[in-house]
Amino acid sequence: MRTLIILLLVSQSIFAQKYFTRTGFTGFKASVDAFEPVQAINKSTSVILTNDGKIAAQLFISAFKFRVSLMQEHFNENFMDSYEYPKATFKGKIDDFDSSNLTSKDVTIKGVLTVKGKEKNITTTGRVSKNGETIRLNSSFSVLAKDFDIKIPSVVRRKIARQINITLNYELIEKK
Amino acid sequence: MSLSKKSKIRIVVILSLLVITACSIYAYVFKPHDKVVDITSEYIGSANDFMVKIKEDAKLWNSKIVTLTGEISSLEANGIILENNIFCQFDNASETLNLQKGKTTTIKGHIIGYDDLFDELKLNQCIIQLP
């Protein structure tokens, strides 16, 4: 029985088509009008998507780039504690996804986002489109800083939005 | 109304102090990002030897600048892979144009961490170091 399960898992991983990127774009915005924009982009997000819609994404907190380097320093040291929690991950599924007959459609994505060691269920919508061997995935969703135990000091509380908007844009190519 | 010479000097001194403070606060808050090229590498040497160090303690090397020499296993979008397990991302994709698979090269870059998804070490802001 055990060998059968192992065989099944191995064959699945061999036959499953995968799409991937190492340089996906993930951005976030927590700006408040009239104050210095609080936003950063990460161009080094790793993403793997299987042909039946399972998706896994991982990024490094320290690879978020801010315009103001001091803000980036504070983000890593005071807010995210990126030495202790270097990664953020997302594991989930795109509903009704089939890479073989895909052109372009709106989809629902469900999964678990882990930031600073705290997990949160996310359900959001996005758009996938296929062009040759490339699949593009665009989506956005919002989270709250307090969901991940991110403490905002009172001095800057008015300058940082409670709700953080996350956008992503991944261009995945087929793994050969 | 005419000011005495003494109070004129006082105003000039106060004003220039204010300007200097404002400028230094601005320079502190908006200081530019450190560039990889200006930072001294904490490790210089073979990529394979460095992977041994990474396997011992990956966390220790996060956000460090290193210079690695190794064989190019493949050319990717925006980057290259060294010795099959180090992905080096370039800010300037045109830097990789003259590189060839199978050749040995030296890059300097910023370690962002060990990627479990691809089982490889990830560097960004990479630049080619000329021998």
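1. Over all chains of this predicted model, the count of salt bridges comes to 14. Side chains of opposite charge can pair when their charged atoms come close. The points below take up several of these pairs in chain A and then turn to the interface with chain B.

2. One of the pairs joins A:D95 and A:K110, whose side chains meet with an N to O distance of 3.2 Å. A:D95 lies in the loop between β5 (87-94) and β6 (104-115) of chain A, whereas A:K110 belongs to strand β6, so the salt bridge ties together parts that are 15 residues apart in sequence. A:D95 is partly exposed, at 27% relative accessible area, and A:K110 is likewise partly exposed, at 40%.

3. A salt bridge is also formed by A:K118 and A:D149, with the closest N and O atoms 4.0 Å apart. The pair links distant parts of the chain: A:K118 is in strand β7 (residues 118-131), and A:D149 is in the loop between β8 (134-144) and β9 (160-174), 31 residues apart. The relative accessibility of A:K118 is 32%, so this residue counts as partly exposed. A:D149 is partly exposed as well, with a value of 36%.

4. Between A:R136 and A:E171, the closest N and O atoms of the salt bridge are 2.4 Å apart. Here strand β8, which holds A:R136, is linked to strand β9, which holds A:E171; the two residues are 35 apart in the chain. Relative accessible area is 31% for A:R136, which is partly exposed, and 41% for A:E171, also partly exposed. Elsewhere, salt bridges with shared partners join A:R22, B:E76 and B:E120 into one network.

5. At the interface, 26 residues of chain B are in contact with 29 residues of chain A. The two chains bury about 2300 Å² between them, and 53% of this area is on carbon and sulfur atoms. On the side of chain B, the residues that lose the most area to chain A are B:H33, B:L117 and B:F118, which together account for 29% of what that side buries.

6. Five salt bridges are found across the interface of chain B and chain A. In the pair A:K87 and B:D116, the side chains meet at 2.5 Å, N to O. The count of residue pairs in polar contact between the chains is 14, with both residues at pLDDT 80 or more.

7. The side of chain B that touches chain A draws at least two residues from each of α1 (5-29), β4 (86-90), β5 (104-115) and β6 (120-128) of chain B. The largest share, four residues, comes from β5(B). By class, this side has twelve nonpolar, seven polar and seven charged residues.

Methods: Residues are numbered from 1 along each chain as its sequence is written. Chains are lettered from A and ligands numbered from 1 in the order in which they are written. This is a predicted model: local features need pLDDT of at least 70, side-chain atom pairs count only at pLDDT 80 or more; totals for chains, interfaces and linings use all residues. Side-chain values use heavy atoms; hydrogens and water are left out. Buried means under 20% relative accessible area, exposed over 50%, partly exposed in between (1.4 Å probe, protein chains only). Contact means heavy atoms within 4.5 Å. Buried area is the accessible area (1.4 Å probe) that two parts lose on being put together, summed over both. A polar contact is a pair of N or O atoms within 3.5 Å; within protein, one must be able to donate a hydrogen and the other to accept it, and residues adjacent in sequence count only if both atoms are side-chain atoms. Ala, Val, Leu, Ile, Met, Phe, Trp, Tyr, Cys and Pro count as nonpolar, Asp, Glu, Lys and Arg as charged, and the others, Gly among them, as polar.
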